[in-house]
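Visitor: I'd like a close look at the inside of this protein and at what packs around it. Please start with the word you'll be using most, then walk me through slowly.

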Amino acid sequence: MNNMPKYVIERDIPGIGNSTPDQFSAISQKSCDVLRQLGPTIQWLQSYVTADKIYCVYIAPDEHSIREHAKRGGFPANHVAEVTSIIDPTTAES
């Protein structure tokens with residue numbers, strides 16, 4: 001699974017930053033339920049919540065898998081971008 005592409009998904013969800021822990025738990029459970037249905041080739045790594053968006057990082061074989069997850073889960077997938085490189089502070093030391 002390490003060779004599969006990584007994707008960043010931008011989800012427009014107005015007011016999402018004001019969600020309660022229980023609401024985040026329910027959203028996460030729904031996502032995981034759909035992931036189980038889709039099988040082991042798609043994996044949710046983590047998500048970053050802002051006031052009106054969620055940015056999710058997934059590993060998947062293709063963009064279609066990401067969009068299918070969103071469709072089945074009832075989540076928006078306003079923009080899906082394949083990660084081409086990863087950089088961090090240690091990149092400066094190279």
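Guide: Two residues are in contact when they have heavy atoms within 4.5 Å. Before we use that, a word on what you're looking at: this is a predicted model, where local features need pLDDT of at least 70, side-chain atom pairs count only at pLDDT 80 or more, and totals for chains, interfaces and linings use all residues. Residues are numbered from 1 along each chain as its sequence is written, and side-chain values use heavy atoms, with hydrogens and water left out.

Let's get our bearings. The protein chain has two helices and four strands, and from the N terminus on they come in the order β-α-β-β-α-β. (These are DSSP runs numbered from the N terminus: H or I of at least four residues for a helix, E of at least two for a strand.) The C-alpha trace spans about 45 × 30 × 20 Å along its principal axes. Of the chain's 94 residues, 27% count as buried. Here, buried means under 20% relative accessible area, exposed means over 50%, and partly exposed is in between, with a 1.4 Å probe and protein chains only. Sequence distance matters too: among contacts with a separation of 6 or more, 72% link residues 24 or more positions apart.

Now for the inside. The largest nonpolar core has 13 residues, and Tyr7, Ile9, Ile42, Tyr58, Ile66 and Val80 have the most contacts inside it. The elements giving two or more residues to this core are strand S1 (6-12), strand S3 (53-59) and H2. S3 supplies the largest share, three residues. (A nonpolar core is a set of buried Ala, Val, Leu, Ile, Met, Phe, Trp, Tyr and Cys residues joined through side-chain atoms within 4.5 Å.)

Take Ile42 from that list. Skipping neighbours within four places in sequence, Ile42 is in contact with Leu35, Tyr58, Ile59, Ala60, Ser65, Ile66 and His69. Follow that last name: His69 sits in helix H2, which covers residues 63-73. His69 counts as buried because its relative accessibility is 0%. Not counting residues up to four places away, His69 touches Arg11, Ser31, Val34, Leu35, Leu38, Ile42, Tyr58 and Phe75.

One of those partners, Val34, belongs to helix H1 (residues 21-38). Val34 is buried as well, at 1% relative accessibility. Beyond four places in sequence, Val34 is in contact with His69, Arg72 and Gly73. From Val34 to Cys56 it's 22 residues in sequence and 15 Å in space, C-alpha to C-alpha.

Helix H2 also holds Arg67. Arg67 is partly exposed because its relative accessible area is 35%. Leaving aside neighbours within four places, Arg67 is in contact with Ala77 and Val80, and Val80 is one of those well-connected core residues.

Over in strand S1 you'll find Glu10, which counts as partly exposed at 22% relative accessibility. With neighbours within four places left aside, Glu10 is in contact with Lys53, Ile54, Tyr55, Ala77, Asn78 and His79. Glu10 and Ile59 are 49 residues apart in sequence, and their C-alpha atoms lie 15 Å apart.

What about the cysteines? A disulfide is a covalent bond between the sulfur atoms of two cysteines. Counting as one any pair of cysteine sulfur atoms within 2.5 Å, this structure holds zero disulfides. Cys32 is in no disulfide, as the nearest cysteine sulfur, that of Cys56, is 11 Å away. Cys56 is in no disulfide either, its nearest cysteine sulfur being that of Cys32, 11 Å away. Cys32 is partly exposed, with a relative accessible area of 28%, whereas Cys56 counts as buried at 4%.

Last stop: Ser19, in the loop between S1 and H1. Ser19 counts as buried because its relative accessibility is 17%. Ser19 and Ser94 are 75 residues apart in sequence and 41 Å apart in space, C-alpha to C-alpha.
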